[in-house]
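Visitor: I have a model open and I'd like to learn how to read its features. Could you walk me through it?

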Amino acid sequence: MKKIELYIPVEHKARELKSKIMLVLSAIEQNIRCYIGNKEDIERLIKNKSKKNGIFFFKGGETRSYILNIKNKVDYFVILDEEAGPTDISNYKEQRQRIHKDIEDLVDRYYSIGPENYKVAKKVYREIDVKMTGWPRIDLFRLDKKLDNNCIKLKKKLGKFVLFISDFGETTKKKIAISLKSYKEYLDNSTNHSVAHKKKLLKSFLREKKSTYNEFKKIKTFLKKIDKIKNMPNVIIRPHPYDDHQGWNDFKKQLKNIKIIYEGEISDWIKSSTWVIHRGCSTALKSCLLDIPTAYLTLDKKFNRNNLSFKISNKINSIKQFKTFIKIKKLNKKLNYKLIKDTIYIDKNETSSKKIVKDFLKLKLAKSYEYNPKFNTKVKSYYWNVRRNITNFYFKSIVKILDFFKLGTDYKKSLVAEIMGNIEKIGGGIKSNEININLNNLNITNVNFRVKRILSNCYIIDKKND
């Protein structure tokens with residue numbers, strides 16, 4: 001059957017999959033066929049299909065050559081910039097860095113999360129059609145309240161616990177060097193900056209990363225003090241996908257009671273927690289919207305991110321305040337919804353996912369038959385999936401051996417920072433049961449759906465038609 005088609009790549013499964021399933025459900029309700037999978041398989045699918053059709057839904061600009069390759073096979077390239085979230089700075093400089101001027105003519109839509117971002121984006125992106133729709137991830141925060149089996153298991157295992165959500169990125173000096181190298185390559189691929197301007201941007205970038213690393217060191221000192229407090233509830237540190245996990249692995253050896261765990265969906269951890277502590281990440285919005293006591297860990301004012309998560313949270317800057325905070329049973333103040341609405345567009349009657357899909361339907365899109373990858377495309381996909389899983393197992397084993405013999409080598413740090421960090425973006429792959437569980441849990445409209453795996457980490461999801 002012919003349908004409009006939507007291509008949705010997932011780069012970080014733990015961070016993105018659920019919110020993108022929200023978008024999928026709204027799309028298939030309107031009889032749009034969705035292809036969702038890891039970025040590599042979606043790109044492989046697009047490269048090998050014969051007809052030009054559909055919408056590519058992405059979170060960033062990438063380079064001009066990248067977008068041109070995608071647009072050779074799709075009708076529209078649209079962006080919802082997840083790095084311009086409610087906890088990030090939204091000004092001309094930041095917006096310009098995320099989508100360079102030399103690719104504006106190739107981007108067909110920019111979906112804005114709210115009034116502040118929309119106002120800036122309209123000024124910056126003169127050649128892009130900017131729409132204010134809100135953010136599917138906020139849909140998830142508002143609607144995903146059900147305690148599924150994973151949440152029940154966490155509550156049974158840990159009881160009442162404090163969840164510290166990390167989002168540093170630069171937890172080692174090695175990661176600073178890697179981030180700087182990556183940013184330099186990104187600037188070198190852009191034609192929009194002079195040599196002098198690139199040097200200025202790199203200097204500013206390096207200063208920011210060093211500041212983050214210094215904050216990480218201060219927070220480690222604070223956490224070590226908490227670790228020594230007697231009769232404490234469980235404290236769980238949840239590293240961010242972008243963190244260099246080696247920094248946390250090294251710190252784990254200095255702790256006796258606090259646990260560092262990176263597994264499962266972050267939303268499950270938040271729903272299961274009794275208290276949430278953060279340093280300005282967007283997941284703090286979820287805990288606040290779920291009425292879970294939420295606090296910003298502010299140890300030095302110079303590190304504060306004066307964003308929405310900061311403004312709506314309690315503040316902790318001492319052990320005494322920490323002890324007071326974990327006595328709170330419910331949020332001790334009303335959420336400032338005016339602050340939230342100034343930053344995030346929220347329509348009580350319609351989700352942002354539905355608004356985005358409505359805008360898709362305004363585009364001139366031809367309907368197409370379902371794509372079935374050729375045998376060689378399937379082989380390449382499964383080959384790279386197996387290779388990634390073997391590589392993942394191999395390097396994890398090496399790190400465990402080095403840990404067992406207490407060999408904190410530079411080689412080990414390099415493995416964790418450069419290789420395992422990339423592998424862990426998608427973990428062991430996107431499993432069929434993960435797709436189905438999320439579809440069932442989030443399907444508030446009860447639309448009948450069909451799921452078909454076509455590549456190792458790529459699925460067709462569409463509405464069942466009678």
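Guide: Happy to. Let's begin with strand 14 (residues 458–463): 5 of its 6 residues are buried, so this strand is largely enclosed by the rest of the structure. Keep in mind that the model is predicted.

Visitor: Which strands does strand 14 pair with, and in what sense?

Guide: The general idea comes before the case. Strands of a sheet pair through backbone hydrogen bonds, and the pairing is either parallel or antiparallel. Here, strand 14 pairs with strand 2 (residues 33–38) in the antiparallel sense, over 4 bridges. You can find that pairing by looking for Ile36, whose bridge partner in strand 14 is Tyr459. Strand 13 (residues 449–455) also runs antiparallel to strand 14, and 6 bridges join them. There, look for Phe449, which stands opposite Lys463 of strand 14.

Visitor: How many residues sit between strand 13 and strand 14?

Guide: There are 2 residues between them, and the two strands form a hairpin.

Visitor: What about parallel pairing? Where do I look for that?

Guide: Go to the open sheet of 6 strands, with the order 9-8-7-10-11-12. Strand 9 (259–260) and strand 12 (314–316) are the edge strands, each pairing on one side only. For a single pairing within the sheet, take strand 10 (residues 275–278) and strand 11 (residues 294–297), which are parallel over 3 bridges. His278 stands opposite Tyr296 in strand 11.

Visitor: On to side chains. How do I read a salt bridge?

Guide: Side chains of opposite charge can pair when their charged atoms come close. In this model the count comes to 31 salt bridges. Try Lys59 and Glu16, with their closest N and O atoms 2.8 Å apart. Lys59 is in the loop between strand 3 (55–58) and helix 3 (64–71), while Glu16 is in helix 1 (residues 13–29), so the pair ties together parts that are 43 residues apart in sequence.

Visitor: Are those two buried or exposed?

Guide: The cut-off for buried is under 20% relative accessible area. Lys59 comes out at 10%, so this residue counts as buried. Glu16 has 1%, so Glu16 counts as buried too.

Visitor: What would a pair with a partly exposed member be?

Guide: Look at Asp188, which is partly exposed with a relative accessible area of 43%. Asp188 meets Lys198 in a salt bridge at 3.9 Å, N to O. This pair links helix 9 (residues 195–227), where Lys198 lies, with helix 8 (residues 173–188), where Asp188 lies. Lys198 is buried, at 17%.

Visitor: And within one helix?

Guide: Lys271 and Asp268 meet in a salt bridge at 4.0 Å, N to O. Both lie in helix 11 (residues 266–272), 3 residues apart, about one turn of the helix. Lys271 and Asp268 are both buried. There is also a network of salt bridges, linking Lys3, Glu5, Arg33, Glu370, Arg450, Lys452 and Asp462.

Visitor: Last topic: empty space. How many cavities are there?

Guide: Rolling a probe the size of a water molecule over the atoms shows where empty space is left. Here the count comes to 7 cavities of 30 Å³ or more. The largest cavity holds about 120 Å³ of space.

Visitor: Which element gives the most to its lining?

Guide: Helix 1, with 4 residues. The lining has 13 residues in total, and Met22, Leu25, Ser26, Leu442 and Ile444 lie nearest the centre of the largest cavity. By class, that lining has 5 nonpolar, 5 polar and 3 charged residues.

How values were computed: Residues are numbered from 1 along each chain as its sequence is written. This is a predicted model: local features need pLDDT of at least 70, side-chain atom pairs count only at pLDDT 80 or more; totals for chains, interfaces and linings use all residues. Side-chain values use heavy atoms; hydrogens and water are left out. A salt bridge is a side-chain nitrogen of Lys or Arg within 4 Å of a carboxyl oxygen of Asp or Glu. Buried means under 20% relative accessible area, exposed over 50%, partly exposed in between (1.4 Å probe, protein chains only). On a 1 Å grid over the protein atoms alone, a cavity is a set of points where a 1.4 Å probe fits but cannot get out, and a pocket is an open set with protein on both sides within 12 Å along at least five of seven lines; lining residues have an atom within 4 Å of a point. Grid points are joined across faces, edges and corners, and a volume is the space filled by probe spheres set on the points. Ala, Val, Leu, Ile, Met, Phe, Trp, Tyr, Cys and Pro count as nonpolar, Asp, Glu, Lys and Arg as charged, and the others, Gly among them, as polar. Two strands pair if DSSP finds at least two bridges between them.
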